[in-house]
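Please open the model in your viewer and keep the sequence panel beside it. The stops below tell you what to select next and what is there.

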Amino acid sequence: MEQLLNDFSPGLFFMQTLILLVLIFILVKFAWKPILNSLNEREQGIQDALDAAEAAKKEMQNVTADSEKLLKEARAERDVLLKEAREIKESIISEAKEQANAEGDKIIKQAQAAIESEKKAAVAEIKAQVANLSLEIAEKVIKEELSNKDKQLKLVDDMLGDIKLN
Amino acid sequence: MRVLKTPFVLATTLFILLFSNGINAKSQEDKKEGAVNTKEEVEEYILHHIKDSHDFHLFSYTNSEGERKHIGFPLPVIVWSSEGLVTFMSSKFHHDDSGHHIVEASGTRFAKLHGKIYELQPGAESITFDEEHHATNATKVLDFSITKSVLGIVLVGLLMLLLFGSLAKQYKSKKVPTGFGRVLEPLVIYVRDEIAKPNIGDKKYRQFTGYLLTVFFFIWILNLLGLTPLGFNVTGQLAVTAALAIFTLIIYTVKGNKDYWQHMLWMPGVPVLIRPVLAVIELAGAFLIKPFSLLVRLFANISAGHIVVMSLIAILITMKAEMGVVGSSLLSFVLSLFITLIEVLVAFLQAYIFTMLSALFIGMAVAEHDHHHEHDEHGHDKVDAEDVRGNYI
């Protein structure tokens with residue numbers, strides 16, 4: 001112990017304290033501060049970049065989810081649209097059928113009416129013609145009958161005979 | 001690569017400069033002086049090495065004329081004597097360490113005795129000793145010399161300024177350093193993330209990290225420097241480790257918050273009668289045990305390492321008679337290689353432990369106690385400290 005205390009040099013202690021003090025101050029000012037600051041800055045930068053990447057990933061996920069949602073909605077909308085279209089189609093078809101039926105009926109009725117009137121006209125015409133023909137025939141027959149005297153007399157006799165019967 | 005080159009070239013230039021200076025300053029001494037051949041001389045040499053010295057001695061040899069040559073260079077001696085500040089080069093002592101060689105400077109006489117510089121009382125021509133070999137007519141002076149340790153401290157300081165200054169400069173132009181900075185950066189991050197943050201806490205670590213980084217690299221580089229054949233033993237000097245420990249002590253005493261002082265002086269949650277007793281224990285812990293554990297651990301580990309390595313190298317000499325030249329050389333080489341490898345690990349470990357414990361002590365002083373779990377929190381802190389202390393004592 002005495003040896004140790006004897007070896008202890010106050011001068012060396014003083015020099016060491018002085019030099020270490022100066023060394024600490026210079027190193028802190030010119031080395032440790034800039035080094036630690038840039039290390040922190042760099043680590044902060046890396047952390048920020050990682051955070052940004054993470055955020056971007058989340059954003060991507062959100063976007064994907066959004067697009068999926070949109071897709072789903074679009075699909076649903078399409079289904080609705082298709083359904084509506086089908087319904088519209090059916091209603092149009094049935095309406096068209098009804099209209100066509102109605103129109104057909106109407107046309108048929110009109111046709112029937114026309115036919116009827118045509119028939120009537122035709123019958124009337126036939127009747128007229130038949131009458132004419134009958135008259136002509138009767139005329140010819142009468143002319144024929146009256147061309148010879150016997151016959152004319154005979155006819156008068158017949159007619160008179162008929163009248164008697166009546 | 002450029003970053004690595006600059007300090008390296010500078011260090012080399014400095015070394016060559018000093019070394020060439022040393023060759024001029026080499027002195028001729030007695031034929032036998034400095035030769036280490038016996039067990040006693042080995043012991044003395046090791047003990048001498050462990051101490052600080054006033055000149056930078058590299059090696060000695062005997063030349064063809066039988067003269068003993070010392071290769072090294074002198075360092076400036078700066079002492080505060082009765083005549084004020086006196087400076088002269090250590091070469092004036094001519095490697096004398098026994099107090100026989102008297103140096104006259106600025107009207108006072110100085111002698112060097114066991115690594116310490118004594119000022120002779122006015123009128124005295126030489127030192128007289130009492131029975132215990134203590135000087136009777138000379139007093140120790142305050143010695144601010146640029147000793148070998150101070151030189152080592154200054155060199156390491158400059159090296160750190162160069163290394164970390166250039167690393168700091170790199171960040172101005174790029175995000176990731178290149179060259180040697182790529183090696184330094186993980187070390188800085190290691191100290192910040194493994195030592196400062198976990199022990200002090202995320203909120204407050206920043207203001208202490210500068211100190212912790214400085215101390216960590218300072219101790220580590222000096223420990224490693226101590227393993228080189230240059231023979232620095234800076235972190236094995238009690239004065240150096242004491243200064244380091246006192247820095248930590250001052251930091252955690254000044255920065256200690258209200259909770260820290262309350263827990264130290266008037267512990268809440270224990271019977272009032274026990275509180276003064278605990279206060280005494282806590283005060284002793286904070287002002288004596290903690291700094292002592294820091295300074296003695298570093299000092300003892302590094303000194304012991306130096307002694308062990310040198311003793312193993314000395315097997316070369318001490319076992320020569322028993323094992324022959326080849327046997328002792330081989331044994332010495334294998335053992336010292338093995339121990340030196342361990343010492344490389346110890347160099348890092350001691351720097352880590354010193355910094356880690358400093359961070360732990362600071363962390364305990366600035367910890368914010370959650371008042372809902374005050375007792376738990378404190379108990380947890382104590383366990384932490386004891387755990388770590390137990391592991392490394």
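Where is the kink in helix 8 of chain B centred? Before you look, note that this is a predicted model, in which local features need pLDDT of at least 70 and side-chain atom pairs count only at pLDDT 80 or more, while totals for chains, interfaces and linings use all residues. Residues are numbered from 1 along each chain as its sequence is written, and chains are lettered from A and ligands numbered from 1 in the order in which they are written.

**Helix 8 of chain B**

Select residues 274-318 of chain B, which form helix 8; helices here are DSSP runs of H or I with at least four residues, strands are runs of E with at least two, and both are numbered from the N terminus. The kink is centred on Gly285(B) and amounts to about 45°, a bend being the angle between axes fitted to the seven residues ending at a residue and the seven starting there. Across its 45 residues, the end C-alpha atoms of helix 8 are only 58 Å apart, short of the 66 Å that a straight helix would reach at 1.5 Å a residue, where the expected span is 1.5 Å times one less than the number of residues.

**Helix 9 of chain B**

Next, select residues 320-366 of chain B for helix 9. A kink of about 80° is centred on Val326(B), and the end C-alpha atoms of this 47-residue helix are only 58 Å apart, against the 69 Å of a straight helix at 1.5 Å a residue.

Now show helices 8 and 9 of chain B together: they pack at an angle of about 165° with their axes 6 Å apart, axes being lines fitted to C-alpha atoms, for helices over the stretch in contact, with angles running from 0 to 180 degrees between N-to-C directions. The two helices are therefore roughly antiparallel, a term for angles over 145 degrees.

**Helix 5 against helix 9**

Add helix 5 of chain B, whose axis comes within 9 Å of that of helix 9 and crosses it at roughly 160°, which makes this pair roughly antiparallel too. Among the residues of helix 5 that meet helix 9 are Phe208(B), Phe216(B) and Trp220(B), and the helix 9 side includes Phe348(B), Phe354(B) and Ile362(B); residues are in contact if their C-beta atoms, placed from the backbone, lie within 7 Å.

**Helix 3 against helix 5**

Keep helix 5, residues 206-227, and add helix 3, residues 148-173, both in chain B; their axes come within 10 Å and cross at roughly 120°. Here Gly152(B), Val156(B), Leu159(B) and Met160(B) of helix 3 meet helix 5 residues including Phe217(B), Phe218(B) and Ile221(B).

**The side that touches chain A**

Finally, display both chains: 35 residues of chain B are in contact with 28 residues of chain A. On the chain B side, the elements that give two or more residues are strand 10 (142-143), helix 3, helix 4 (181-200), helix 5 and helix 6 (238-255). Helix 3 of chain B supplies the largest share of that side, 12 residues.

Methods. Two residues are in contact if their C-beta atoms, placed from the backbone, lie within 7 Å. Angles under 35 degrees count as roughly parallel, over 145 as roughly antiparallel, 65 to 115 as roughly perpendicular and the rest as oblique.
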